[in-house]
Amino acid sequence: MDTLETLLRETFLGISLGRFAAAFAILILSLVLKRVFSHFYDRVVAPLAQKTSNRYDDQFLQGVKNPAGFMVVIAGLFVAVQVLHLPSEPMDLHRFAGAVLKVLVTFDVAWFLFNMVALLEAYLAQWVTRTESTLDDHLLPFIRKSLRVFIVFLAFIMTVQNLGYSISGLLASLGIGGLAVALAAKDTLSNIFGSIMIILDRPFHIGDWIKAGEMEGVVEEVGFRSTKIRTFSKTLISVPNNVIANTEINNFSRMPKRRIKMTVGVTYESSPAQMRRAVDDIRAMLKEHPAIHQEFMLVNFTDFGPSSLDILVYCFTTTTVWGEYLEARQDVCLRIMDIIDGLGMEIAFPSRSIYLRGGEQEELPAASGAKA
């Protein structure tokens, strides 16, 4: 017994062997506690999480498991260092051990955040699947990689700082290098931010008929760098996303209904009674038309035109499809012609009357013809 006590009092680097033994026992205990924690997680925590309908708690606990177990070991190392009472002479072992512990804590926190990026990606992936655009599908891996690179970079900077090195020079070098890269990739970065704005604002979807500046057509693809628009002449325009994001966009596919606006001109031979009857009949026709939206419409005798009595017809179709809209507009025009013809009235066209000084009157047609 005396021999054991004497042995434990022996010192190495100014530390008794008894303290070494206590520190070693603490490390062994921390490893045992880590195994107990893992066993408790696998047998109790994980089954409870699996019973819930939400899968995010499963992924969160899976990402926490290993970093939390490693934190138990770090805690054991911290207690062991405190037990050892490391000397500061001839080497500052206590300061070195503290720096190592800080590095390990930094690594553990970065490990946890690195795993949480997968949780964020799973959440965003569920949101992305609800959209028609493939842009966010391409952008999601970019966001995941960028976040993980940022976490690793931040952990590296903190590790260098914890080891006692100055990071001001490194940050200055990285700032100059980053500025050079940003200037070289200015267009690429602007397209990336344009893509993000398109995702957040959602001014259009694939298949929408849009007009952006002088470009008009149907959106075929929304990519990571550009948006492809198929024009009505069947050419394909690739527009950089930064241009799309900063251009006024007119989305015709978002119209709830399409407008019909026309002026029907009848000849001046029409009587007031015929005009009243024409207005009433056209209005009644629109109210019974299956393709006309009944919420709002206008039919009124509005002007004495240069060569016609003008009736304004203003209404909306129930469909927004271009082909169906044209069919409805055509049918409305033909029915108006039937009404005008049935009332004994005639559609006017541009004409001009010339009065001669001698009292004779002659009516000359315009270039398109004239009504005698």
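**Aromatic pairs, salt bridges and overall fold**

With a relative accessibility of 46%, Phe107 counts as partly exposed, in a model that is predicted. Phe70 belongs to the partly exposed class as well, at 21% relative accessibility, a value just above the 20% under which a residue is taken as buried. Across the whole structure, a search returns 10 aromatic pairs. One of them is formed by Phe70 and Phe107, whose ring centres lie 6.0 Å apart with planes at 85°, so that the pair is classed as edge-to-face. Phe70 belongs to helix H3 (residues 56-84) and Phe107 to helix H4 (residues 93-128), and the pair thus links distant parts of the chain, 37 residues apart.

An edge-to-face arrangement is also found for Trp209 and Trp322, because their ring centres are 5.8 Å apart and their planes meet at 70°. Since Trp209 is placed in strand E3 (residues 209-212) and Trp322 in helix H10 (residues 322-342), this pair ties together parts that are 113 residues apart in sequence. The two partners fall into separate accessibility classes, Trp209 being buried with a relative accessible area of 15% and Trp322 being partly exposed with 46%. Both tryptophans take part in one aromatic cluster, together with Phe232, Phe252 and Tyr325.

Charged side chains are also placed over aromatic rings. The charged end of Arg258 sits over the ring of Tyr325, at 4.8 Å from the ring centre, and Tyr325 is itself part of the aromatic cluster just described. In a further case, the charged end of Lys257 sits over the ring of Phe316, 5.0 Å from its centre. Lys257 additionally meets Glu295 in a side-chain salt bridge, with an N to O distance of 3.3 Å. Lys257 lies in the loop between strand E7 (249-251) and strand E8 (258-266), whereas Glu295 lies in the loop between helix H9 (272-288) and strand E9 (298-304), so this bridge ties together parts that are 38 residues apart in sequence. Glu295 is exposed, with a relative accessible area of 62%.

In total, the structure holds 7 salt bridges. Among them is the bridge between the side chains of Asp42 and Lys65, at 3.0 Å from N to O. Because Asp42 lies in helix H2 (residues 17-50) and Lys65 in helix H3, the pair ties together parts that are 23 residues apart in sequence. Asp42 is partly exposed at 40% relative accessible area, while Lys65, at 18%, counts as buried. The bridge between Arg283 and Asp280, at 4.0 Å from N to O, joins residues that both lie in helix H9, 3 residues apart, or about one turn of the helix. Arg283 is partly exposed with a relative accessible area of 27%, as is Asp280 at 44%.

Lys234, in the loop between strand E5 (226-230) and strand E6 (236-240), has a positive phi of about 70° although it is not a glycine; this residue is exposed, with a relative accessible area of 64%.

For the chain as a whole, the secondary structure amounts to 10 helices and 12 strands. Of its 372 residues, 30% count as buried, and the chain exposes about 23600 Å², of which carbon and sulfur atoms supply 62%. Among contacts between residues at least 6 apart in sequence, 63% join residues at least 24 apart.

Key. Residues are numbered from 1 along each chain as its sequence is written. This is a predicted model: local features need pLDDT of at least 70, side-chain atom pairs count only at pLDDT 80 or more; totals for chains, interfaces and linings use all residues. Side-chain values use heavy atoms; hydrogens and water are left out. Rings of Phe, Tyr and Trp (its six-membered ring) pair if their centres lie within 6.5 Å; planes under 30 degrees apart count as stacked, over 60 as edge-to-face and the rest as tilted. Helices (H or I, at least four residues) and strands (E, at least two) are DSSP runs, numbered from the N terminus. Buried means under 20% relative accessible area, exposed over 50%, partly exposed in between (1.4 Å probe, protein chains only). A charge sits over a ring if NZ of Lys or CZ of Arg is within 6 Å of the ring centre and within 35 degrees of the ring normal. Contact means heavy atoms within 4.5 Å. Accessible areas come from the Shrake-Rupley method with a 1.4 Å probe; for residues, only the protein chains shown count as cover.
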